[in-house]
Amino acid sequence: AFDVLIIGGGPAGASASIYAARKGIRTGILAERFGGQVMDTLGIENFISVQATEGPKLVQALEQHVKEYEVDVMNLQRATALNKTDHGFEVTIANGAVLKSKSVIVSTGARWREMNVPGEQEYRNKGVAYCPHCDGPLFKGKRVAVIGGGNSGVEAAIDLAGVVSHVTLIEFDTKLRADAVLQKKLYSLTNVTVITNALSKEVLGDGQKVNGLRYEDRATKEERVIELEGIFVQIGLLPNTDWLKGTVELSARGEIVIDQKGETSVPGLFAAGDCTTVPYKQIIIAMGEGAKASLSAFDYLIRSSVE
Ligand code: FAD
């Protein structure tokens with residue numbers, strides 16, 4: 001049995017595994033795909049102390065760092081269920097095996113909800129982006145659209161308006177859903193256009209990069225094209241927590257509810273990174289959260305009577 005079993009091998013899980021192993025406790029890390037979202041990232045310019053890197057390169061460095069320690073790495077394995085027992089936890093894997101551990105850290109991350117329209121996949125990282133904090137500066141002086149008029153979409157539009165030349169915010173509904181104070185700020189900006197009641201239909205490009213967005217005016221059914229260089233999709237971040245429903249307290253959005261120590265509603269079960277209620281989903285934050293959850297798990301182990 002493990003002392004700490006980490007489920008998820010992104011930045012949060014990798015960081016948690018190193019912090020646990022450095023305490024000399026039996027540490028395992030289970031990952032469907034080691035590296036997580038970072039594997040899908042092209043340029044990274046906000047991982048402080050590393051001026052610029054690429055996702056797969058950062059994942060390689062993470063893997064090497066983890067391998068420096070006695071961590072049992074179980075890659076390409078998906079957890080399907082978690083049960084608390086008298087002795088700790090049992091984690092069931094998709095292949096049917098069951099792993100035992102005194103404590104568990106869940107760091108299964110999240111995925112951006114996609115528009116599911118033609119061109120979106122083709123132009124991903126070639127104009128289609130999901131993270132304004134990460135990719136906003138790449139569109140300095142250019143024209144972009146933000147898809148989604150909830151809080152994250154409107155925040156993204158306000159943020160981007162300070163960097164790019166023009167922002168068009170596209171909302172499917174007849175009105176924006178963001179908080180009134182954010183909407184007021186948005187409408188005060190001179191380089192932002194808001195289009196409501198619009199259905200995004202296609203990402204257009206020249207084969208190399210994005211050059212437009214085709215949408216339908218839902219009132220008139222007319223189709224229009226906006227010329228632009230970038231599209232930020234802000235229609236939700238989905239935490240990978242479906243398999244935990246009924247096991248641990250989740251927020252309305254499905255995020256694992258954690259406190260400032262990374263503790264969940266279940267003693268001995270900790271969580272870190274994008275799958276939790278932690279605000280701002282970023283690599284540097286996920287790593288800090290993973291370290292914190294690991295130190296909390298160690299604290300739990302030395303205080304508990306679990307044999
Ligand atoms: P993730 O990276 O999502 O990792 C989750 C891990 O859990 C993976 O190993 C996954 O396979 C595994 N997993 C999921 N479910 C299960 C299961 N049931 N059983 C076992 N394993 C499971 N952030 C920045 O700071 N800078 C950037 O420039 C940047 N650019 C980005 C670009 C893109 C395209 C994307 C998608 C994200 C970007 N981000 C960026 C955000 C950043 O990648 C995330 O905040 C960060 O990866 C979160 O780390 P995490 O460890 O919490 O989760």
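A residue is taken to be near the ligand if its C-beta atom, placed from the backbone, lies within 6 Å of it. In this predicted model, the shell defined in that way holds 38 residues, and those that come nearest to the ligand are Gly8, Gly10, Gly36, Gly109 and Gly273. By type, the shell divides into 18 nonpolar, 14 polar and six charged residues. Several elements each supply at least two residues of this shell: helix 1 (11-21), strand 2 (27-31), strand 9 (110-112) and helix 6 (283-303).

Strand 17, which spans residues 230-233, is a good place to look next. In a regular strand the side chains alternate between the two faces of the sheet. Here both faces are covered, with Gly230 and Phe232 buried on one side and Ile231 and Val233 buried on the other. Strand 17 also has pairing partners. With strand 10 (residues 128-129) it pairs in the parallel sense over two bridges, and Phe232 is the bridge partner of Ala129. With strand 11 (residues 143-147) the pairing is again parallel, over four bridges, and here Val233 is the bridge partner of Ile147.

Glu90 offers another setting to explore. This residue sits in strand 7 (residues 88-93). Glu90 counts as partly exposed because 17 C-beta neighbours lie inside 10 Å, whereas a buried residue would need 20 or more. Leaving aside residues up to four places away in sequence, Glu90 touches Asn83, Thr85, Val98 and Lys100. The chain also brings Glu90 and Ala1 to a C-alpha separation of 9.6 Å, although they are 89 residues apart along the chain.

Technical notes: Residues are numbered from 1 along each chain as its sequence is written. This is a predicted model: local features need pLDDT of at least 70, side-chain atom pairs count only at pLDDT 80 or more; totals for chains, interfaces and linings use all residues. A residue is buried if 20 or more other C-beta atoms lie within 10 Å of its own, exposed if 12 or fewer, and partly exposed in between; C-beta atoms are placed from the backbone. Two residues are in contact if their C-beta atoms, placed from the backbone, lie within 7 Å. Ala, Val, Leu, Ile, Met, Phe, Trp, Tyr, Cys and Pro count as nonpolar, Asp, Glu, Lys and Arg as charged, and the others, Gly among them, as polar. Two strands pair if DSSP finds at least two bridges between them.
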